[in-house]
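Welcome! Here is a short tour for anyone opening this structure for the first time. Keep the 3D view at hand as you read.

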Amino acid sequence: MSRIFKCILNKVCKKIIKEPFSAFDVRDCLGPSKSFLSKHAIDPNNPDKIIYGNCYFIRVSRGRYKINPKYKICP
């Protein structure tokens, strides 16, 4: 599991941020990896979208994401 994803998951599980969230909400987790959310997100409106690596997120609307229930395991 990615360090960036663990940071975002931790914030959601501890209710520091609410879903759906934006890249701005998790900017401290992303660091220089600004495209992490879009690269690791399923887009239900675009089944042809290429996903890089694990699909940790689901795109809810433009720039808004929620954690894929498959990966939402709160510690």
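## A first look

Of the 75 residues in the protein, 35% are buried. Please keep in mind that this is a predicted model. Three helices and three strands are present, and from the N terminus on they follow the order α-α-α-β-β-β. The C-alpha trace spans about 35 × 25 × 20 Å along its principal axes. A compact globule of 75 residues would have a radius of gyration near 11 Å, and the protein's value of 11 Å agrees with that. About 5000 Å² of the protein is exposed, with carbon and sulfur atoms supplying 55% of it. Among contacts with a separation of 6 or more, 40% come from residues 24 or more positions apart.

## The strands

The three strands form an open sheet with mixed pairing, in the order S1-S2-S3. S1 (41-42) and S3 stand at the edges with a single partner strand each, so one side of each has no neighbour in the sheet. S1 and S2 (residues 57-61) run parallel and are joined by two bridges. Ile 42 has Ile 58 in S2 as its bridge partner.

## The nonpolar core

In soluble globular proteins, nonpolar side chains tend to be buried together. Here the largest nonpolar core has 18 residues, and Phe 5, Ile 8, Phe 21, Val 26, Leu 37 and Phe 57 touch the most other members. Helix H1 (3-13), helix H2 (27-30), helix H3 (36-39) and strand S3 (64-67) each supply at least two residues of this core. H1 gives the most, with five residues.

Phe 21 is a good place to zoom in. Leaving aside residues up to four places away in sequence, Phe 21 touches ten positions you can look up in the view, including Ile 8, Val 12, Val 26, Leu 37 and Phe 57. Next to Phe 21 in sequence comes Ser 22, in the loop between H1 and H2. Is Ser 22 buried or exposed? Its relative accessibility is 13%, so Ser 22 counts as buried. With the same sequence neighbours set aside, Ser 22 touches Leu 37, Gly 63 and Arg 64.

Lys 11, found in helix H1, is also buried, with a relative accessible area of 13%. Beyond residues up to four places away in sequence, Lys 11 touches Ile 16, Ile 17, Asp 28 and Cys 29.

## The disulfides

The structure holds two disulfides, and they follow the pattern 1-3, 2-4 when bonded cysteines are counted along the chain.

| Disulfide | S to S | Torsion about the S-S bond |
|---|---|---|
| Cys 7 and Cys 29 | 2.0 Å | about -65° |
| Cys 13 and Cys 74 | 2.0 Å | about -80° |

The torsion of about -65° makes the disulfide of Cys 7 and Cys 29 left-handed. This pair links distant parts of the chain, with Cys 7 in helix H1 and Cys 29 in helix H2, 22 residues apart. Cys 7 is partly exposed at 25% relative accessibility, whereas Cys 29 is buried at 2%.

The disulfide of Cys 13 and Cys 74 is left-handed too, with its torsion of about -80°. Cys 13 lies in helix H1 and Cys 74 in the segment after S3, so the pair ties together parts that are 61 residues apart in sequence. Cys 74 is partly exposed, with a relative accessible area of 41%.

Why does Cys 55 not bond with Cys 13? The closest cysteine sulfur to that of Cys 55 is in Cys 13, 17 Å away, which is too far for a bond. Cys 55 is buried, with a relative accessible area of 19%.

Technical notes:
Residues are numbered from 1 along each chain as its sequence is written. This is a predicted model: local features need pLDDT of at least 70, side-chain atom pairs count only at pLDDT 80 or more; totals for chains, interfaces and linings use all residues. Side-chain values use heavy atoms; hydrogens and water are left out. A nonpolar core is a set of buried Ala, Val, Leu, Ile, Met, Phe, Trp, Tyr and Cys residues joined through side-chain atoms within 4.5 Å. Buried means under 20% relative accessible area, exposed over 50%, partly exposed in between (1.4 Å probe, protein chains only). Helices (H or I, at least four residues) and strands (E, at least two) are DSSP runs, numbered from the N terminus. Contact means heavy atoms within 4.5 Å. Two strands pair if DSSP finds at least two bridges between them. The radius of gyration is taken over C-alpha atoms; the globule rule is 2.2 Å times the number of residues to the power 0.38. Accessible areas come from the Shrake-Rupley method with a 1.4 Å probe; for residues, only the protein chains shown count as cover. A disulfide is a pair of cysteine sulfur atoms within 2.5 Å.
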